[in-house]
Amino acid sequence: MGDYKITFTLDDSNGGDASVEFYTRRRRNRLTPVSLISAPVHIDSGTHEVIWRTMRQMSNQLYSDIVLYARATDLVNYGPQDSFPTTIDNGWIESKRRRHRIGQIHRGRARRLGHTKAQ
Amino acid sequence: MPPVASGSAPKVFFNSPRYRAQQHFDGLCICEVAVSVSSQIGADFEYISAPFYFVFDHDLEKLFNARKLTLTWNAATDPDHLPLGLGRYFHVQWRGIRSSPILRMRIPAFRISPMRSSCFDVPDNQLVLEDDHAYFYRVRMSDGMDYGAWSLANAFHNYSNVPPVVRVVSIEPLFTKDGRLQDHLHIGRFQRG
């Protein structure tokens, strides 16, 4: 839960051996490397996808002021930086956990009162 | 790896950035690293690195396979607007340094071009832009009698290699708000069975 798919395009005229670095910044905080499942290294031109595990870096809240930065590099040089403002909504995770916990409490109470179904 | 004298570790000293007096190119610095294995203060440095160059430029511009160069700058102000009738013109000075450490000592001399506008298309016979060179330039203004101060050096690098360009297309959550995997997403181990 809390995973986001980042779709990006890469244009490398030299062909091959390019890598892409992703950073994120919230408000005036520092640029922080994004926690990805697998880093996009040694990739060719085209459209690619990576998974951002946001819960490793954020909490189960709604973040509406996130900016994602991407920068490609080959063995020699860095390309221009691309920015992508986005919203990360992990608030539903907390409510889901809360509902699950309440359900656990209700089931335990019902079991203690003998209201459980006959096995 | 530098040799180490027995019983003492080498010490590394960084010489302060120094300007070459005859060049006096504000912002452009030459730095050398000297290593002493004797560990004695005041002793000569046995090993001195080849000089490397850097410039105080917060935004080092990047060019890729450029062949033509146009320099622009802001005109200076003349407080007394004197003398009259002698004209106002600019001096532009530039130099290029090859990135390769083998050839970096082959530095062309400074070149100065007087002109009357704040935009300068550098002619081919004065400067041939080469790949993998860093170029530095500065400008000063004259009122016909005397010169103002040089501007700080600006720099750019002309690369032969065009870097890759990335563009983020979209960001979308993998899971719906009830914790299920999005229907249209099929990625690796998250693929719905």
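**Figure 1. The largest nonpolar core in this predicted model has 16 residues.** Seven residues have the most contacts inside this core: A:Ile6, A:Phe8, A:Leu10, A:Val20, A:Phe22, A:Ala70 and B:Val166. Four strands of chain A each supply at least two residues of the core. They are β1 (3–11), β2 (19–26), β4 (46–53) and β5 (62–73). β1(A) gives the most, with four residues. Apart from this core lies another, of 10 residues. Its members include B:Leu69, B:Leu71, B:Phe136 and B:Tyr137.

**Figure 2. A close-up of A:Phe22 and its contacts.** A:Phe22 is among the residues with the most contacts inside the largest nonpolar core. Neighbours within four places in sequence are left aside here. Beyond them, A:Phe22 is in contact with A:Ile6, A:Val34 and A:Leu36. A:Phe22 is also in contact with A:Leu68, A:Tyr69 and A:Ala70. Of these partners, A:Ile6 and A:Ala70 are also listed among the residues with the most contacts inside the core.

**Figure 3. The contact between chain A and chain B takes residues from both chains.** Chain A gives 33 residues and chain B gives 20 residues. On chain A, at least two residues each come from β1, β4, β5, β6 (78–89) and α1 (91–112). The largest share of this side, nine residues, comes from β1(A). By class, the side of chain A that touches chain B has 16 nonpolar residues. It also has eight polar and nine charged residues.

**Figure 4. Strands from both chains form an open sheet of three strands.** The order is β4(A)-β1(A)-β13(B), with antiparallel pairing. β4 of chain A and β13 of chain B are the edge strands, and each pairs on one side only. From one strand to the next, the twist averages 25°.

**Figure 5. β1(A) pairs with β13 of chain B and with β4(A).** β13 of chain B spans residues 165–173. Its pairing with β1(A) is antiparallel and runs over eight bridges. Here A:Ile6 has B:Ile171 as its bridge partner. β1(A) also pairs with β4(A) in the antiparallel sense, over eight bridges. In that pairing, A:Tyr4 has A:Trp52 as its bridge partner.

**Figure 6. A close-up of A:Asn60 in a loop of chain A.** The loop lies between β4 and β5 of chain A. Is A:Asn60 buried or exposed? A:Asn60 is partly exposed, because 17 other C-beta atoms lie within 10 Å. Some residues close in space are distant in sequence: A:Asn60 and A:Trp92 are 32 residues apart along the chain but 7.4 Å apart in space, C-alpha to C-alpha. Leaving aside neighbours within four places in sequence, A:Asn60 is in contact with A:Asn90, A:Gly91, A:Ile93 and A:Glu94.

**Figure 7. Chain B has 13 strands and zero helices.** From the N terminus on, each element of chain B is a β strand. The chain has 193 residues, and 13% of them count as buried. Consider the contacts in chain B between residues at least 6 apart in sequence. Of these contacts, 60% join residues at least 24 apart. One of the strands of chain B, β13, pairs with β1(A).

Note on methods: Residues numbered from 1 in each chain as written. Chains lettered and ligands numbered in written order. Predicted model: local features only at pLDDT ≥ 70, side-chain atom pairs only at ≥ 80, totals over all residues. Core = buried A, V, L, I, M, F, W, Y, C linked by C-beta atoms within 7 Å. Buried ≥ 20, exposed ≤ 12 C-beta atoms within 10 Å, placed from the backbone. Contact = placed C-beta atoms within 7 Å. Nonpolar A, V, L, I, M, F, W, Y, C, P; charged D, E, K, R; others polar. Pairing = 2+ DSSP bridges. Axes fitted to C-alpha atoms, helices over the stretch in contact; angles between N-to-C directions.
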